[in-house]
Amino acid sequence: MYGNYLKQHQPHLKTNIFGSERSQVQIEDDRTGISIETLKRAITDNLYYIQGKNKSLATPHDYYMALAYTVRDRLIHRWLKTIETYLQQDARFVFYLSAEFLMGRQLGHNLVNVGLWSQAYQALTESGLDLYELMEQEAEPGLGNGGLGRLAACFLDSLATLEIPTVGYGIRYEFGIFDQQIQAGWQVERPDRWLHLGNPWEIPRPEYMVEVKLGGHTEAYTDLQGCYRVRWVSDRTVLGTPYDTLVPGYNTNTVNTLRLWSAKASQDFDFQVFDTGDYTRAVAQKTFSENISKVLYPNDNTPQGKELRLEQQYFFVSCSLQDIIRIYLWNHDNLDRFYEKAAIQLNDTHPSIGIAELMRLLVDEHQMDWERAWQITQNTFAYTNHTLLSEALERWSVSLFARLLPRHLEIIYEINRRFLDRVWLEYSGDKDKIARLSLIEEGAEKQVRMAHLACVGSHAVNGVSALHTELLKSDVLKDFYELSPEKFSNKTNGITPRRWLLLSNPKLTLLTTQTIGKEWIKNLEELRQLETLVNDCHFCDRWNQIKQENKQDLKAYIQHHQGIEIDANSLFDIQVKRIHEYKRQLLNVLYIITLYNRIKNNPDLEIQPRTFIFGGKAAPGYWMAKLIIKLINSVAEVVNRDPHVGNLLKVVFLPNFSVTLGEKVYPAADLSEQISTAGKEASGTGNMKFALNGALTIGTLDGANIEIREAVGAENFFLFGLTAEEVVKLKTQGYNPRDYYNTNAELREAIDRIALGYFSLDEPSRFQPIVDSLLNRDEYLLLADYQSYLDCQEQVSQAYQDRDNWTRMSILNVARMGRFSSDRAIREYAADIWQVKPVKIELEDTEKLLVKRRGVVE
């Protein structure tokens, strides 16, 4: 796409975008050298000795692998030196536990961060190869579902860039999130086979394999000192094998580690059963165990799915905690001061079983008394909450816990007993308060409240935007805030500018760097200097030209992959995010239908031409979200084929939205749709990616939208809709969506088009569940916000007519995005929650490194 542009401007890119100011160690051997000739030789050697191909047999993927191994070689000596330095200095670590890490493709990112882009480009060019073609060979690991996993990836980039000792822990999902295909307008899930051709960026570490117990029962006993102890007798075990991915910082020698766990059976094969002829049962244990790391977020609409989800969470948390203890004991004889060297961050509620698991390890495995173990646990863990939706604050049935994790259930009951004793004294026996704070939710089926466990077992709890944190304190976790207000703080999310501007928008990066230098890459506040250029005609023209070129690139992508012809001069109105009712893709669809109706009712109507672009995946078990995808595609089919509409409206759904596709979409956007119901979105980071690439935002006062609007200026943000307080008030008073339907003619006409089967002629009632939901419940208040949204979109259309002013607004959006860097967020976590300091990594000179390598060989 943008490869041709980069090729034309490569001389500038060498020094202005991807160059590194770090003084580079000149070690000219084939594993670590960075000269053009050394890189050419290393790529050829890796092609021959690792891929087992010569030039006559090699495929583009073979060359990609050879290049990836060449880059990895140059990371490894930095990585080993990083680990060595951390251990020698007995550094305090951040251990970041997350069920998702949506890292994106690694080749381009690693080339940029270690300052090898221009050398690799030239080495490949001289060898008759194209860097951009090789980058397209890389499979993107789908190890996340959206913002949570992408935030974790941004944080790892910032942690390495800021030289903070870190290990990220997660699951090496064999198939990750599914590949989304659209067939007849419906989402169809296919396995994400990201590993089928190998992954050059990971290093298996079978020597650090750990054992994870499941099921069974517990037995009480008295130890030699006369202390009461409990032994967990499991009925099966699973082995966790770690795979390490190297995470380099930008313009620094630091290379941190992302360690992902793969599940293996403790007994792969039952020879006796095989000999009886029962071949399936002979490998049943292997299949059963390896399911744990097979797929990201298995459908939990069934009891089996729920059990597998809990197994996944416990598996990676237990593996990680055992590994963290192993790392700590490298420099220490006991665990008494464990919390002084380990800061464990729970990225949302998924890893919260870690509270009970660390207690089990300390009390049962390391024979520590309860009070000391609890002090260590509380001082070690911190908890980031990422949701305001009650269904996402995980609960597991007590019966499932008893069957799968019997010892942990006992520990949770004991934690709860001691905690409620304190609550009883604090609130003079207030039974309602005690019931709300209890880790166990009473009812027909008792539930373990995992967010409650995270709050009780952590020394810090944070939200991820100012509004989100206030809603946690005033609503979702109100009782915990009132009990321990000192635990709570806000840490607004951020994004890494290395991925989301430097790498994804090289044209805008080039203009920015030529204009203000490249300090902004590590200090995003430097973009403020662009404000002085909003009246510079030459700069504004170039800015607008770059936006248009990015739109042309996306237009070409859509034409090539979907056969839809769109107008690059139209307003690109884009909503790409996970498909969920609260994110209100349906409100956007209602607006499209309204515009369509206006054109049909008045063929001579003059409106601002728009291209509406959607993207995002629905959870496999979320039927309504999948029906929304079908509606978007059905509306697109009708609108795009209607000759009366022409180029005034086009609707596109981009299948299989990913980090890689996002790198094409965000730079091309004119308008960013951030239209969730106020009080439902924790933060959002897509809003930041769009704004950093010069898109203007239409949005509600929800999540980080509020802070983005404050930063860029209200005049540069299109605001509509109810506030969070007004949402609560309206629902309290008794919200009737039919009142809006009956009194708003355009709304009624839009909904009637859906209800009457205009977009589903083959099955007129197909979308009736959507209509019924809107008219009878409308949980997310689409109808209440509909007219405000239409009025605001009219302001957008009017503003876009004045392209000069629109460009100025775009520049100001980018210039004022400094506070939304993940570097800023990590600095706040490091200072306020983790109390961790940077550790500078110094590389040896050539002679010392070669002596050390010879010593390893000898």
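This passage walks through the sheets, the nonpolar cores and the salt bridges of a predicted model.

Sheets come first. Strands of a sheet pair through backbone hydrogen bonds, and the pairing can be parallel or antiparallel. One open sheet in this model is built from 6 strands, and its pairing is parallel. Reading across the sheet, the order is β20-β19-β18-β21-β22-β23. The edges are taken by β20 (649–654) and β23 (718–719); each has a single partner strand, so one side of each has no neighbour in the sheet. Further in, β18 (residues 571–576) runs parallel to β19 (residues 610–615), and 6 bridges join the two. Looking at one spot along that pair, V576 sits opposite G615 of β19.

Another open sheet has 3 strands in the order β13-β15-β14, and here the pairing is antiparallel. Its edges are β13 (395–397) and β14 (440–441), and since each has just a single partner strand, one side of each is left without a neighbour in the sheet. The antiparallel link between β13 and β15 (residues 447–449) consists of 3 bridges. In this pair two arginines face each other, with R395 opposite R449 in β15.

Strand β6 shows what sheet geometry can do to side chains. In a regular strand, side chains alternate between the two faces of the sheet. In β6 (residues 210–214), V210, V212 and L214 make up the covered face, while E211 and K213 make up the uncovered one. The strand pairs with β9 (residues 236–248), running antiparallel over 5 bridges. Within that pairing, V210 has G240 of β9 as its bridge partner.

Next come the cores. The largest nonpolar core holds 121 residues, and the members touching the most others are F95, F401 and W834. Helix α12 (residues 303–328) supplies the largest share of this core, with 12 residues. A second core, separate from that one, has 88 residues, including L47, L67, L102 and A704. Going back to F95, and skipping residues up to four places away in sequence, its contacts include V167, Y169, I324 and I327, along with the run K341, A342, A343, I344 and Q345.

L405 is a good residue to zoom in on. It is found in the loop between α16 (398–404) and α17. Is L405 buried or exposed? With a relative accessible area of 0%, L405 counts as buried. Setting aside neighbours within four places in sequence, L405 is in contact with L214, W232, L310, Y314, I353 and L400. One of these, L214, is also on the covered face of β6. By contrast, 40 Å separates the C-alpha atom of L405 from that of G662, a residue 257 places away along the chain.

That leaves the charged side chains. Across the whole structure, 55 salt bridges turn up. One of them joins K840 to E163, with 3.7 Å between the closest N and O atoms. These partners come from distant parts of the chain, 677 residues apart: K840 is in the loop between α36 (822–834) and α37 (846–857), and E163 is in the loop between α8 (147–161) and β2 (166–171). The two ends also sit in contrasting surroundings. K840 has 53% relative accessibility, so it counts as exposed, whereas E163, at 15%, is buried.

A second bridge links D364 and R407, whose closest N and O atoms are 2.7 Å apart. Because D364 belongs to helix α14 (residues 354–365) and R407 to helix α17 (residues 406–426), this bridge ties together parts that are 43 residues apart in sequence. Both residues, D364 and R407, are buried.

Helix α17 also has a bridge of its own. There, D421 and R417 are 4 residues apart, about one turn of the helix, and their side chains meet in a salt bridge at 3.5 Å, N to O. How buried or exposed are these two? D421 is partly exposed, at 41% relative accessible area, and R417 is partly exposed too, at 42%.

Finally, some charged residues join up in a group. R205, E207, D244, R259, D323 and R326 are linked in a network of salt bridges.

Technical notes
Residues numbered from 1 in each chain as written. Predicted model: local features only at pLDDT ≥ 70, side-chain atom pairs only at ≥ 80, totals over all residues. Heavy atoms only, no water. Pairing = 2+ DSSP bridges. Core = buried A, V, L, I, M, F, W, Y, C linked by side-chain atoms within 4.5 Å. Buried < 20%, exposed > 50% of the residue type's maximum accessible area, 1.4 Å probe, protein only. Contact = heavy atoms within 4.5 Å. Salt bridge = Lys/Arg side-chain N within 4 Å of Asp/Glu carboxyl O.
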